[in-house]
Amino acid sequence: MKFFIDTANLQDIEEAQALGVLDGVTTNPSLMAKEGITGKQNILNHYLAICNIVEGDVSAEVISTDFEGMVREGEELAALHPQIVVKLPMIGDGVKACKYFSSKGIRTNVTLVFSAGQALLAAKAGATYVSPFLGRLDDVSTDGMHLISEIREIYDNYGYQTQILSASVRHTMHIINCAKIGSDIMTGPLSAIKGLLKHPLTDIGLKQFVEDAKKMNL
Ligand code: E4P
């Protein structure tokens, strides 16, 4: 399973990249705003800075909600850097824009997906990635993980090439369950990725090894 980091914070991206397990980055307008980035040129420069840190795909989301606006913005984003993937909202115009970009060979990520039907539409429109939001479903007492398994089953039934990019991942168990179900990718915060490292028996065992190694007078 590929690991993407869901942030626009350059330090977090650098830290995940340095760990050697990072395959890409997802951003959204809220994450960009959180970094205090304002103005079109600064935003484009920030995407470039992210592309210079990682080797994989970087999702950059359009702000427009109409087809013409999404096409205009998406073409500009795609031309910015070969790693950029155009992120589009799961609305009618977003599906139309997805079809437009996929027919031109421009990679897309359809976001804000909360149902299997929406994921089916994204696949039919030729999306490169579909982003079902696990954590936000869990937030409203709905099993986000069940949605990932439904999408896996549907895509496998018909051999859709759209990759399941499980999003809104909040913690380690989301990551582990995504991997068990067969999600192609998960995107989550640095804290969830680093959380996978933790086990008290690892720490206790290493402490003992370090102490015993001293006895060997190396
Ligand atoms: C997906 O691409 C989104 O950026 C993201 O995963 C949303 O996560 P959140 O629900 O934690 O905001």
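Here is a short walk through this structure, one selection at a time.

**Before you click**

You're looking at a predicted model, where local features need pLDDT of at least 70, side-chain atom pairs count only at pLDDT 80 or more, and totals for chains, interfaces and linings use all residues. Numbering starts from 1 along each chain as its sequence is written, and side-chain values use heavy atoms, with hydrogens and water left out.

**Stop 1: the whole chain**

Show the chain as a cartoon. There are 11 helices and eight strands; these are DSSP runs numbered from the N terminus, with helices being H or I of at least four residues and strands being E of at least two. Along its principal axes, the C-alpha trace spans about 70 × 40 × 30 Å.

Now switch on the surface. The chain exposes about 11,100 Å², and carbon and sulfur atoms supply 55% of that. Areas here come from the Shrake-Rupley method with a 1.4 Å probe, and for residues only the protein chains shown count as cover. Of the 218 residues, 45% count as buried. Buried means under 20% relative accessible area, exposed means over 50%, and partly exposed is in between (1.4 Å probe, protein chains only).

How much of the contact network joins residues at least 24 apart? Among contacts between residues at least 6 apart in sequence, the share is 56%, a contact being heavy atoms within 4.5 Å.

**Stop 2: K87**

Select K87, in strand β4 (residues 84-89). An unreviewed UniProt entry places the feature "active site" here; UniProt positions are given in the numbering used here, feature names are shortened, and annotations may be inferred rather than shown by experiment. Is K87 buried or exposed? With a relative accessible area of 3%, K87 is buried. Leaving aside residues up to four places away in sequence, K87 touches T26, T27, N28, S59, A60, E61, V62, N109 and T111.

**Stop 3: the ligand**

Stay with K87 and bring up the ligand. Around the ligand you'll find D6, N28, K87, F133, R136, A167, S168 and R170, where a residue is near if one of its heavy atoms lies within 4 Å.

Show the side chains and look at three polar pairs (N or O atoms within 3.5 Å; within protein, one must be able to donate a hydrogen and the other to accept it, and residues adjacent in sequence count only if both atoms are side-chain atoms):

- D6: a polar side-chain atom sits 2.7 Å from a ligand oxygen.
- N28: an N or O atom of the side chain is 2.7 Å from an oxygen of the ligand.
- R170: a polar side-chain atom lies 3.0 Å from a ligand oxygen.

On its own the ligand has 350 Å² of accessible area, and the protein covers 86% of it.

**Stop 4: both ends of α1**

Jump to N9, which caps the N-terminal end of helix α1 (residues 10-19). One of its side-chain oxygens lies 3.1 Å from the backbone nitrogen of Q11. Then go to G20, just after α1, where phi is positive, at about 90°.

**Stop 5: helix α3**

Select residues 40-53. Which residues of α3 are buried? They are L44, H46, Y47, I50, C51 and I53. These buried residues pack against α1, β2 (24-26), α2 (29-34), β3 (57-61), α4 (67-80) and β4.

Try the ruler too: at 1.5 Å a residue, the 14 residues of α3 should span 20 Å, and the end C-alpha atoms are 21 Å apart, which agrees. The expected span is 1.5 Å times one less than the number of residues.

**Stop 6: two positive phi angles**

L112 is in strand β5 (residues 108-113). L112 isn't a glycine, yet its phi is positive, at about 60°. Its relative accessible area is 33%, so L112 is partly exposed.

S141 is in the loop between α7 (134-139) and α8. S141, also a residue other than glycine, has a positive phi near 60°. At 75% relative accessibility, S141 counts as exposed.

**Stop 7: L120, then N157**

L120 is in helix α6 (residues 116-124) and, at 31% relative accessibility, counts as partly exposed. Beyond residues up to four places away in sequence, L120 touches I154 and Y160.

Finish on N157, in helix α8 (residues 144-158). N157 is exposed, at 52% relative accessibility. Measure from N157 to V169 in your viewer: the two are 12 residues apart in sequence and 25 Å apart in space, C-alpha to C-alpha.
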